[in-house]
Amino acid sequence: MGSDQSVSGYAISSSGLFGCSPLSVTLSQGEATAIVVKAARGFGLSWGLAEEAGWALCQLGRFMDDPLTLFATAFADTTDQCPITLGATLMDHAQIPKSIAQIGGDLGHVRMPILLIPFLQQAAASTRNCLQLCERNSGIRISICHHFENQLSALQAVTSGNISITIENADDVIKLPADLTHRFTTSSNTLIQLDALCARTYV
């Protein structure tokens, strides 16, 4: 048996869990959300945006086991080009005429653009528009109306992208899946990165 370590009170298995990489940690949805929200505060986001980050984590849990790594990467620089800020603004403005969710437009450079996906899904549902995320440098195009899970691995590799949003014609009404509870598995390195951000704030 491998020896165990801990970060912020979470047990880390050096032997791996369920086929995961060594030095991995499994978290409940509540634990993972609390870490991401506090890390977002330490990163410099407001309480409201930090809570949006926690919400986005839960939505991404539908598609992947380790979205925490995405947040650690997104929070590794300044708050400029932050996907949480840009995504939440796009979602909140979705009902405004001529907003990006209504007519499309450029978001410019965005760190970890995969984190925009939950916000685009919500904006698409509220406007009944089929939004498409376009990453200009790689040519990746993801239509939010269609099954896009198999395209996320390519977008996950984009740590900084030049993003535009377009509107597609679609007959289907956007339906968001029911909320589910997920468990998350991440590496000890990711947890250490997020823990360092958590240590910057008491709230």
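Which residue just after H1 takes a positive phi? I looked there before anything else, keeping in mind that this is a predicted model. The residue is Gly-44, with a phi of about 125°.

**Helix H1**

I then went back along H1, which covers residues 29-43. I checked its length against the expected rise. At 1.5 Å a residue, its 15 residues should span 21 Å, and the end C-alpha atoms are 21 Å apart, so the two agree. I also looked up burial in this helix. Among the buried residues of H1 I noted Ile-35, Val-36, Val-37 and Phe-43, along with Gln-29 and Thr-33.

**Helices H4 and H6**

Next I took H4 (residues 83-92) and H6 (residues 117-127), whose axes come within 9 Å and cross at roughly 0°. Angles under 35 degrees count as roughly parallel, so I entered H4 as roughly parallel to H6. From H4, the residues that meet H6 are Pro-83, Ile-84, Gly-87, Ala-88, Leu-90 and Met-91. On the H6 side I listed Phe-119, Leu-120, Gln-122 and Ala-123. Sorted by class, this contact has eight nonpolar residues, two polar ones and no charged ones.

**Salt bridge**

I searched for salt bridges and the count came to one. Arg-136 pairs with Asp-106, and their closest N and O atoms are 2.5 Å apart. The pair links distant parts of the chain, with the two positions 30 residues apart in numbering. I placed Arg-136 in the loop between strand E5 (130-135) and strand E6 (140-143), and Asp-106 in strand E4 (residues 105-111). Is Arg-136 buried, exposed or partly exposed? I found a relative accessible area of 47%, so Arg-136 is partly exposed.

Key:
Residues are numbered from 1 along each chain as its sequence is written. This is a predicted model: local features need pLDDT of at least 70, side-chain atom pairs count only at pLDDT 80 or more; totals for chains, interfaces and linings use all residues. Side-chain values use heavy atoms; hydrogens and water are left out. Axes are lines fitted to C-alpha atoms, for helices over the stretch in contact, and angles run from 0 to 180 degrees between N-to-C directions. Helices (H or I, at least four residues) and strands (E, at least two) are DSSP runs, numbered from the N terminus. Angles under 35 degrees count as roughly parallel, over 145 as roughly antiparallel, 65 to 115 as roughly perpendicular and the rest as oblique. Contact means heavy atoms within 4.5 Å. Ala, Val, Leu, Ile, Met, Phe, Trp, Tyr, Cys and Pro count as nonpolar, Asp, Glu, Lys and Arg as charged, and the others, Gly among them, as polar. A salt bridge is a side-chain nitrogen of Lys or Arg within 4 Å of a carboxyl oxygen of Asp or Glu. Buried means under 20% relative accessible area, exposed over 50%, partly exposed in between (1.4 Å probe, protein chains only). The expected span of a helix is 1.5 Å times one less than its number of residues.
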